[in-house]
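Please study the model shown here, and then follow the account below from one region to the next. It is written for a reader who is new to protein structure.

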Amino acid sequence: MTKRTIILATIIIFILGGLGLILYGQFFSGNGNGQELGRLGEIKKRGEIIIGTDATYPPMESLDEQGNFSGMDIDIIKEIASDLGVEVKFKNVIWEEIFNAVKNGEVDVIISAITITQERTETLAFSDPYFNAGQVIVSTKDKEGVINRPEDLGGYRVGAQVGTTSEEEARKYTNDLSLVSAYENYDLAKEDLLEGKIDAIIIDYPAAVGMTAKDKGLQIMGDIFTQEFYGIAIQKDQQELLLQINKTIRRLKREGELKKIEEKWLSQ
Ligand code: ARG
């Protein structure tokens, strides 16, 4: 063999080797096989989408008398599942655990009246906003004319669900952090309010309507004082799943279905 042939042969071997590596890489990381299916692929394969929600927040999500998940969010997510052609399975997750549940893959999606915030979008991907919510104060009738705006809350004992944007607002407006009580859910906050252990609750408007509708002793004080948009959250880097979720949200908006679902749950 001449020196030239040896060099040529070496070059060819390197090129073939390189090509082989590229093909190998493509095959094993490729879309559509093995663990690289992506969440959307897994959901379709399973025939079921697993939803995490904190079902203590009527009329957004709660358990009805038969123990079924029901509410505005539930109707929306059922539409998404039906567009995907899969069954829907709900997991009741306490709010404090809800973000972890989707991050660690225990559930595929969380829908739970979740406000899209800057901080949350750093670790999770959010759908298009599907509802414009805002927060209000709920208190007892005797606070009428006394607590009417968040600025009036200074010195009062205020309750909210732990880890919510409402807890943040409560911290902002009571001038003493020891006056803020953070509850696992709003049923517990409501009990304390009715027993006079706290003076007011901060909560999203739709849930405030739900809370005050059931308890005539409670009322919404003043106006909505924040602007927040609800979104459905999934793990980051699940672009295909996000696309499908947004497709349904856009369809529901376009067809007027979203408005109908809103009216069904909010005008009662
Ligand atoms: N919108 C508020 C937040 O995102 C409260 C949501 C509470 N939702 C619930 N299902 N408990 O922080």
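The shell around the ligand receives residues both from domain 1 (34–132 + 229–266) and from domain 2 (135–221), and therefore the ligand lies between the two domains. The model is a predicted one. Fourteen residues make up the surroundings of the ligand, written as 14 in the count, and those that come nearest are Asp54, Tyr57, Ser112, Thr115 and Thr164. Sorted by class, the shell holds four nonpolar, seven polar and three charged residues. Strand S2 (56–57) contributes at least two residues to this shell, and helix H6 (165–173) likewise supplies at least two.

The chain as a whole may be described next. The protein chain contains ten helices and 15 strands. Of its 268 residues, 37% are buried. If one takes the contacts between residues at least 6 apart in sequence, 71% of them join residues at least 24 apart.

Strand S2 leads from the ligand to a sheet. In what order do the three strands of this open sheet stand? The order is S2-S3-S4, and the pairing is antiparallel. S2 and strand S4 (69–70) are the edge strands, since each of them pairs on one side only. Strand S3 (residues 61–63) runs antiparallel to S4, and two bridges join them. Within this arrangement, Ser62 stands opposite Ser70 of S4. A general rule is helpful when viewing any such sheet: in a regular strand, the side chains alternate between the two faces.

The backbone also deserves attention. As a rule, most peptide bonds are trans, and most residues other than glycine have a negative phi. The bond that joins Pro58 and Pro59 is a cis peptide bond, with omega at about 5°. Pro59 is found in the loop between S2 and S3.

Two residues have a positive phi without being glycine. For Ala113, phi is near 55°, and for Asp237 it is about 65°. Ala113 belongs to the loop between strand S6 (109–110) and helix H5 (118–121), whereas Asp237 belongs to the loop between strand S15 (233–234) and H9. Are these residues buried or exposed? Ala113 counts as buried because it has 23 C-beta neighbours inside 10 Å, and the threshold for a buried residue is 20 or more. Asp237 has 10 such neighbours inside 10 Å and therefore counts as exposed, the limit for that class being 12 or fewer.

Helix H9 (residues 239–254) offers a further case, for it contains Gln244. This residue has 19 C-beta neighbours inside 10 Å, so Gln244 counts as partly exposed. Although Gln244 and Ile80 are separated by 164 residues in sequence, their C-alpha atoms are 7.8 Å apart in space. When residues up to four places away in sequence are left out, Gln244 touches Leu40 and Leu84.

The account now turns to the interior. The largest nonpolar core comprises 67 residues, and Val109, Val138, Val158, Ala200 and Ile203 have the most contacts inside it. Helix H3 (residues 72–84) gives the largest share of this core, namely six residues. Both domain 1 (34–132 + 229–266) and domain 2 (135–221) provide at least three residues each to the core.

Ala200, one of the core residues with the most contacts, can serve as an example of such surroundings. Apart from residues up to four places away in sequence, Ala200 touches Ile137, Val138, Ser139, Lys143, Ile147, Leu153, Tyr156 and Val158.

Why is strand S12 (residues 200–204) described as largely enclosed by the rest of the structure? Five of the five residues of S12 are buried, and the description follows because of this. S12 pairs with strand S9 (residues 135–140) in the antiparallel sense over five bridges. In this pairing, Ile137 stands opposite Ile202 of S12. Strand S10 (residues 158–161), by contrast, runs parallel to S12 and is joined to it by two bridges. Here the bridge partner of Gly159 in S12 is Ile201.

Note on methods. Residues numbered from 1 in each chain as written. Predicted model: local features only at pLDDT ≥ 70, side-chain atom pairs only at ≥ 80, totals over all residues. Helix = DSSP H or I, 4+ residues; strand = E, 2+ residues; numbered from the N terminus. Contact = placed C-beta atoms within 7 Å. Near = placed C-beta within 6 Å. Nonpolar A, V, L, I, M, F, W, Y, C, P; charged D, E, K, R; others polar. Domains from an automatic or database assignment. Pairing = 2+ DSSP bridges. Core = buried A, V, L, I, M, F, W, Y, C linked by C-beta atoms within 7 Å.
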